[in-house]
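Visitor: I am new to this one. Could you walk me through it, one question at a time?

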Amino acid sequence: MASQGPEPVVGNVPADTASPGTSRALSAFRTMVEHLPIVTYQERVSGPGYPQWSFLYLSPQIRELIGYGSEEYWGDSNFYWDHIIHPDDKEAIIRESIRTVESGELYEQEYRMVASDGRIVWVHDISRLVEQDEADVQVWDGVIMDITARKESELLLREAEERYRTLVERTPAITYQERVSGPRYPEDIEVFTSPQSETLLGYPSAGWEPAVDSFWMTAVHPDDHDHVTRLAGEAVHARKPYRLEYRMIAADGREVWLQDETVFVSAEPDGAELWQGIAVDITERKHAESELQETVIRLRRTDAARRRLLAELVRAEEEERTRIAADIHDDAIQGITAVAMRLSLLAGALDDGAAAEELGKTRAVVDGTLARLRSLMFELHPPDLEESGLAQTLRLLLGELGADGGPRGDLEETLAVEPPPEIQMIVYRVVREALANVKKHARASRVRLTLASERDGVSTVIADDGHGFDTSGLERLVPGHIGVRSMRERTETAGGTFRIESARGGGTTVWVWVPFSGPADPG
């Protein structure tokens, strides 16, 4: 407590004016207080209206606190105001000092001092009136405590709170706190809601206050109401965090999707529970998901239609191949077989050896033609594919490959399910073409065929140890590589992938993957 008067500060009580008892008491008082971690003082206040003051005693801890000793105060009446008190606090100090001098009430105030090195020192100043004579001269005892650390902590806390509030209010999401005090959720809830509720939903924060009964649930979309209430209630009962996605009806009638995540913070003495959460606007994401889902449905329908078309094309092709094979068998093969039999009979009836030899050569040509026709018939319509399945049919192909001195073939098969008929036929045609190329061009000693289920389809790898070739130009219709173009087109028409790798002297590997039939038409 302090006041300024027009006269210089009177120093400590002169020794010649103090009684012996007063001197001993003052000495004992000084000894005690000068060892305390606070500044103690005693001051004399006099004069009507705007009081004058002077220190009767000021403990030496003042120098440790602000770097100035008591002699600076006593030497200059204006020193306290001009150098010690922070300019922004002067008016408040003077006003409170005058009030307490006039009323005699306890003086208690927090203010700033400026230390000798320029530091700002916050102090808590408390003094009480201990004596007042008939001339209205008052004596006050007081203490000054350093509260700088506390004030700095409070300042840092306020700054942190302000930064947090700024962050919360600028985050594009609704942050909130709920104080759940009722026996059932979500009734009887006190809510703090950030201003983003008005930005995202059109409802001001005041609309979420406890006085507005069940406002939150009235704004939840009716189709989501029961679901949200049940899951939130279960989470609150178990005090477990929960994350919900639901719709709310905005003030203008829009449907706004929110992703709401809430965690339990603490239980309060009165039994209430404090929950804290954040609700993020995910409307655009939900719209994108909906559009994506519609696109997937359209693609599935397109894919299903393509699958049906592929099956029809393969079926039509195989029906045509079957018809041609039947025609070959019923017409050409039977006719040529009859010719071969007649040639045999004619050769047996001739006595001319030279003529019989010529007929034998002609019979050999006819037999070769008949064998080629039978091979063509089998290629057009392989009966083993229907009877034995894909793996067994390919195993027979590998056996035929090595029957007349061709490369040895090995099959590794891990099919989980038998592919649909049209997929079987596509794989068979591709593998047959690849093996034909190996036989004609590779000069290989071994072929390894791998057949496996993969990614809801069938994967096939044909690898040989032949001399390989330069793969550049495979996309062009180069003689000898038309079969590669055919394999690729068959595979890609079925929605699969085809890849071939080869290098001179390094063999050739063909990778083929064909998907099974897609899902049924979603309707």
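Visitor: Is strand S13 mostly covered or mostly uncovered, and how many of its residues are buried?
Guide: A word first: this is a predicted model. Strand S13 spans residues 457–464. A residue counts as buried under 20% relative accessible area. By that cut-off the strand is mostly covered, and of its eight residues the buried ones number seven.

Visitor: Which strand forms a hairpin with S13, and which residue in the turn has a positive phi?
Guide: Strand S12, residues 446–453, runs antiparallel to S13, and seven bridges join the two. Across this pair, threonine 450 faces valine 461 of S13. S12 and S13 make a hairpin with three residues between them. The partner is S12, and the turn residue, with a phi of about 50°, is arginine 455.

Visitor: How many bridges join S13 to strand S15?
Guide: S15 covers residues 508–515 and runs antiparallel to S13. One facing pair is serine 459 and, in S15, tryptophan 513. The number of bridges joining these strands is eight.

Visitor: Which strands stand at the edges of the sheet that has mixed pairing?
Guide: This open sheet has five strands, in the order S11-S12-S13-S15-S14. An edge strand has a single partner strand, so one of its sides is left without a neighbour in the sheet. That applies to S11 (408–414) and S14.

Visitor: What is the average twist in that sheet, from one strand to the next?
Guide: The sheet in question is the open one with the order S11-S12-S13-S15-S14. From one strand to the next, its twist averages 10°.

Visitor: Which helix packs on that sheet, and what angle does it make with S13?
Guide: The helix touches S12, S13 and S15. It is H14, and its direction relative to that of S13 is about 5°.

Visitor: Which residue stands opposite tryptophan 511 of S15?
Guide: S15 pairs with S14 in the antiparallel sense, over six bridges. Opposite tryptophan 511 stands arginine 499.

Visitor: Which element supplies the largest share of the largest nonpolar core?
Guide: That core has 36 residues, and Leu394, Val427 and Leu451 are among those touching the most other members. Elements supplying at least two residues each include helix H13 (390–403), helix H14 (421–442) and helix H15 (482–493), along with S12 and S13. The largest share is 11 residues, and it comes from H14.

Visitor: What does valine 427 contact, beyond its neighbours within four places in sequence?
Guide: Valine 427 is one of the core members with the most contacts to other members. Leaving those sequence neighbours aside, its contacts are Leu390, Leu451, Val458, Thr460 and Val514.

Visitor: How many residues are in the other core, the one that lies apart?
Guide: Trp53, Phe55, Leu65 and Ile85 are among its members. The count for this core is 25 residues.

Visitor: What is the strand order in the open sheet where the pairing is antiparallel?
Guide: S2 (52–58) and S3 (107–114) stand at its edges, each with a single partner strand. Strand S1, residues 39–46, is joined to S2 by six bridges. Between them, valine 45 faces tryptophan 53 of S2. The full order is S2-S1-S5-S4-S3.

Visitor: Which helix lies across S1, S3 and S5?
Guide: This helix covers residues 90–103 and runs at about 155° to S3. Its buried residues are covered by elements including S1, helix H4 (79–84), S3 and S5. The helix is H5.

Visitor: Why do the buried residues of H5 line one face, and within what arc do they fall?
Guide: The buried ones include Ile93, Ser97 and Val101. On the other side, Glu91, Arg95 and Glu102 are exposed. The buried residues line one face because, seen down the helix axis, they fall within an arc of 130°.

Visitor: Is glutamate 96 buried or exposed?
Guide: Glutamate 96 has its place in helix H5. Beyond residues up to four places away in sequence, glutamate 96 touches Tyr107 and Gln109. Its relative accessibility is 18%, and the cut-off is under 20%, so glutamate 96 counts as buried.

Methods. Residues numbered from 1 in each chain as written. Predicted model: local features only at pLDDT ≥ 70, side-chain atom pairs only at ≥ 80, totals over all residues. Heavy atoms only, no water. Buried < 20%, exposed > 50% of the residue type's maximum accessible area, 1.4 Å probe, protein only. Helix = DSSP H or I, 4+ residues; strand = E, 2+ residues; numbered from the N terminus. Pairing = 2+ DSSP bridges. Contact = heavy atoms within 4.5 Å. Axes fitted to C-alpha atoms, helices over the stretch in contact; angles between N-to-C directions. Core = buried A, V, L, I, M, F, W, Y, C linked by side-chain atoms within 4.5 Å. Arc of directions from axis to C-beta.
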